[in-house]
Amino acid sequence: MEPSDKHNEKMAQMTFASVYPLYLTKVIKKGRTKKELDLVIEWLTSFDSKKIKELIDEKVNFQTFFEKAKLNKNAHLITGMICGYRVEEIQNPLTQKVRYLDKLVDELAKGKAIEKILRNV
């Protein structure tokens, strides 16, 4: 199953600032911390906590967010299902990156060890 062009465009225009609080609520509700969430985001994007806050304040959309990101060389190791899609099979590069982030947050919320989430190989 592949996301539609309309879905991909919607993902590109969604602001990181609108999604970050949802990520934070999800992980805190499951006993994880903001620091752990920011660590996971930093691993994927190279954005530290300060830069994450700047991007939230700027209300950048995911298109801009991932254009500014330096994606981790091991991001391709993120696999599995998220939101009904197998992340490794998503053809649209931006949608795949957004789903990588969703998958990492999901793993964090499910209690997976940080070392495993960060694909330390």
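## Glu88 and Arg86

In this predicted model, Glu88 is partly exposed, with a relative accessible area of 35%. The side chain of Glu88 forms a salt bridge with Arg86, and the closest N and O atoms of the two are 3.0 Å apart. Arg86 likewise counts as partly exposed, at 33% relative accessibility. Both Arg86 and Glu88 are also in contact with Gly80, a residue treated further below.

## Arg119 and Glu107

A further salt bridge joins the side chains of Arg119 and Glu107, with an N to O distance of 2.6 Å. This pair links distant parts of the chain: Glu107 belongs to helix H6, which covers residues 93-109, whereas Arg119 lies in the segment after helix H7 (114-117), and the two are 12 residues apart. Arg119 is buried, with a relative accessible area of 9%. Glu107 also counts as buried, at 7% relative accessibility.

Salt bridges that share partners also join Lys26, Asp106 and Lys110 into one network.

## Other salt bridges

The count of salt bridges comes to 11. Among them is the one in which the side chains of Arg32 and Glu36 meet, at 3.1 Å from N to O. Arg32 has a relative accessible area of 14%; buried means under 20%, so Arg32 is classed as buried.

## Overall architecture

The protein has seven helices and two strands. Read from the N terminus, these elements run in the order α-α-α-α-α-β-β-α-α. The radius of gyration of the protein is 13 Å, close to the 14 Å that the globule rule gives for 121 residues, so the protein is as compact as a globular protein of that length. Taken along the principal axes, the C-alpha atoms fill a box of roughly 35 × 30 × 25 Å.

Of the 121 residues in the protein, 48% are buried. Among contacts with a separation of 6 or more, 69% are between residues 24 or more positions apart. The protein exposes about 6800 Å², and carbon and sulfur atoms supply 54% of that area. There are 23 positive and 17 negative charges, and the mean positions of the two sets are 4 Å apart.

## Gly80 and Gln96

Gly80 is found in the loop between helix H5 (62-68) and strand S1 (81-82). At 12% relative accessibility, Gly80 counts as buried. Leaving aside neighbours within four places in sequence, Gly80 is in contact with Tyr85, Arg86, Val87, Glu88 and Lys103. Of these contacts, Lys103 is 23 residues from Gly80 in sequence, and the C-alpha atoms of the pair are 7.9 Å apart in space.

Gln96 lies in helix H6. Gln96 is buried, with a relative accessible area of 16%. When neighbours within four places in sequence are set aside, the contacts of Gln96 are with Val87, Glu88 and Ile90. Val87 and Glu88 are thus shared between the contacts of Gln96 and those of Gly80.

## Phe65 in helix H5

Phe65 has its place in helix H5. At 0% relative accessibility, Phe65 counts as buried. Not counting residues up to four places away in sequence, Phe65 touches Phe16, Ile41, Thr45, Phe47, Leu55, Val60 and Leu101.

Phe65 may also be set beside Val87, a contact of both Gly80 and Gln96. Phe65 and Val87 are 22 residues apart in sequence, and their C-alpha atoms are 19 Å apart in space.

## Positive phi angles in two loops

Ser46 has a positive phi of about 80° although it is not a glycine. Ser46 is placed in the loop between helix H3 (34-45) and helix H4 (49-57). With a relative accessible area of 42%, Ser46 is partly exposed.

Cys83, which is not a glycine either, has a positive phi of about 55°. The position of Cys83 is in the loop between S1 and strand S2 (85-86).

Conventions:
Residues numbered from 1 in each chain as written. Predicted model: local features only at pLDDT ≥ 70, side-chain atom pairs only at ≥ 80, totals over all residues. Heavy atoms only, no water. Salt bridge = Lys/Arg side-chain N within 4 Å of Asp/Glu carboxyl O. Buried < 20%, exposed > 50% of the residue type's maximum accessible area, 1.4 Å probe, protein only. Helix = DSSP H or I, 4+ residues; strand = E, 2+ residues; numbered from the N terminus. Rg over C-alpha atoms; globule rule 2.2 N^0.38 Å. Contact = heavy atoms within 4.5 Å. Areas by Shrake-Rupley, 256 points an atom, 1.4 Å probe, with all protein chains shown as cover. Lys, Arg positive; Asp, Glu negative; His and termini not counted. Charge placed at Lys NZ, Arg CZ, Asp CG, Glu CD.
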